[in-house]
Amino acid sequence: MSVVIRATQVIDDPRLLDLLDAGERERADRRADPHPFITAHALLRRLVADETGVDPRAIDFQRRCATCGTDRHGKPHVVGMRDVHVSVSYGDRMAVAAVTNLGEVGVDVEDLESADFDGFGSLTLDATECAQLAGLQGVALLGARAQLWSRKEAILKATGHGLVVDPSQVLVSAHDAPAELLEWKAEQHLPGPMRVSDLDVQHSDHRAAVAVLTTQPLTLRLQRG
Ligand SMILES: CC(C)(COP(=O)(O)OP(=O)(O)OC[C@H]1O[C@@H](n2cnc3c(N)ncnc32)[C@H](O)[C@@H]1OP(=O)(O)O)[C@@H](O)C(=O)NCCC(=O)NCCS
């Protein structure tokens, strides 16, 4: 299976709702703008269905929080498919889903606007990473920030910690170098070796990355909708 990624723009298509289960429809209903959620979860269902041959409506996705143990939020998994690892990410305009049998996976897509605030560096980056961004301005700076941020979030989604781990304690390679987890300084346990890759989602105002807990080099199949 390798790592299969599907990326799409957020769309408003009522037929997508038919793919979701009752719990997902309820969660969509609670959102001011349900379309990013609906697009993302329909995308994930179709991707897993295509890779496993199971009807997209029959797939039982559940969540589990590594911190408090609840099934009301946290990392998603597919019931009854232990070797199928999944992740999903979405914003106002884009959604990305990932599936693999290599190991626990995290995927993340970031809008450049999400990296456009004072204090981004001190909240999310290590001093070395901040120094590497010195001299960048405008879109180049926002693009570099969003790329680093997407790598860190993908890593923390693969481990299941999410932002319970301070992202400034997760050091990644420079934005213009191949994506890599360089150092894990967080007190929480890193479950194993991590492979990371940037994803070219072909939207100049978005950056994305995928991370997998595996020793094997990542072979990616990126499908854009
Ligand atoms: C995971 C996280 C980084 C994602 O942030 P985001 O940029 O807002 O959202 P994205 O669109 O990229 O990803 C959302 C998806 O991440 C997944 N996700 C949520 N928590 C996750 C975790 N701990 N590990 C891996 N994936 C997670 C879910 O599939 C979620 O989609 P859904 O809520 O529609 O089911 C952030 O939500 C987070 O840190 N959550 C954990 C916080 C936590 O555990 N607190 C302790 C509670 S006891």
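This report describes salt bridges, one helix, the cysteines, the nonpolar cores and one backbone feature of a predicted model.

## Salt bridges

The predicted model contains 13 salt bridges. In one of them, Arg 45 pairs with Glu 24, with 2.9 Å between the closest N and O atoms. Arg 45 belongs to helix α2 (residues 35–52) and Glu 24 to helix α1 (residues 22–29), so this pair ties together parts that are 21 residues apart in sequence. Arg 45 counts as buried, since its relative accessibility is 0%, and Glu 24 is likewise buried, at 5%.

Helix α2 takes part in another salt bridge through Glu 51, whose partner is Arg 221, the closest N and O atoms being 3.2 Å apart. Because Glu 51 lies in α2 and Arg 221 in strand β11 (residues 220–224), the pair links parts that are 170 residues apart in sequence. Glu 51 is partly exposed, with a relative accessibility of 22%; Arg 221 is also partly exposed, at 37%.

A further salt bridge joins Lys 185 to Asp 126, with the closest N and O atoms 3.1 Å apart. Lys 185 is in the loop between β8 (181–184) and β9 (194–199), and Asp 126 is in the loop between α3 (120–124) and α4 (127–133), so the pair ties together parts that are 59 residues apart in sequence. Lys 185 is partly exposed, with a relative accessible area of 37%, whereas Asp 126 counts as buried at 10%. Elsewhere, Asp 21, Glu 24 and Arg 45 are joined into one network by salt bridges that share partners.

## Helix α1

Which residues of α1 are buried? They are Glu 24, Arg 27 and Ala 28. Viewed down the axis of α1, these buried residues fall within an arc of 100 degrees, so they line one face of the helix. Ala 22 and Asp 29, on the other side of α1, are exposed.

The buried residues of α1 pack against α2 and β2 (61–64). Glu 24 is one of these buried residues, and the salt bridge from Glu 24 to Arg 45 also connects α1 with α2. At the start of α1, a side-chain oxygen of Asp 21 comes to within 3.2 Å of the backbone nitrogen of Gly 23. Asp 21 is also a member of the salt-bridge network that includes Glu 24 and Arg 45.

## Cysteines

How many disulfides does the model hold? The count comes to 0. For Cys 65, the nearest cysteine sulfur is that of Cys 68, 3.7 Å away, and Cys 65 is in no disulfide. The cut-off for a disulfide is a pair of cysteine sulfur atoms within 2.5 Å. Cys 68 is in no disulfide either, its nearest cysteine sulfur being that of Cys 65.

The two residues can also be described by their accessibility. Cys 65 counts as buried, at 10% relative accessibility, while Cys 68 is exposed, with a relative accessible area of 52%.

## Nonpolar cores

The largest nonpolar core comprises 27 residues. Those with the most contacts inside this core are Ile 155, Val 170, Trp 184, Met 194, Val 196 and Ala 211. The elements that contribute two or more residues are α5 (138–159), β7 (170–172), β8, β9 and β10 (206–213). Helix α5 provides the largest share, 10 residues.

Met 194 illustrates the contacts in this part of the model. With its neighbours within four places in sequence left aside, Met 194 is in contact with Ile 155, Ala 158, Thr 159, Leu 181, Ala 211, Val 212, Leu 213 and Thr 214. Ile 155 and Ala 211, like Met 194, are among the core residues with the most contacts.

Apart from this core lies another, of 17 residues, which includes Phe 61, Val 78, Met 81 and Val 84. In general terms, nonpolar side chains tend to be buried together in soluble globular proteins.

## A positive phi angle

Where does Gln 202 lie? Gln 202 is in the loop between β9 and β10. Although not a glycine, Gln 202 has a positive phi of about 55 degrees. Gln 202 is exposed, with a relative accessible area of 54%.

Notes
Residues are numbered from 1 along each chain as its sequence is written. This is a predicted model: local features need pLDDT of at least 70, side-chain atom pairs count only at pLDDT 80 or more; totals for chains, interfaces and linings use all residues. Side-chain values use heavy atoms; hydrogens and water are left out. A salt bridge is a side-chain nitrogen of Lys or Arg within 4 Å of a carboxyl oxygen of Asp or Glu. Helices (H or I, at least four residues) and strands (E, at least two) are DSSP runs, numbered from the N terminus. Buried means under 20% relative accessible area, exposed over 50%, partly exposed in between (1.4 Å probe, protein chains only). The arc is that of the directions from the helix axis to the C-beta atoms. Contact means heavy atoms within 4.5 Å. A polar contact is a pair of N or O atoms within 3.5 Å; within protein, one must be able to donate a hydrogen and the other to accept it, and residues adjacent in sequence count only if both atoms are side-chain atoms. A nonpolar core is a set of buried Ala, Val, Leu, Ile, Met, Phe, Trp, Tyr and Cys residues joined through side-chain atoms within 4.5 Å.
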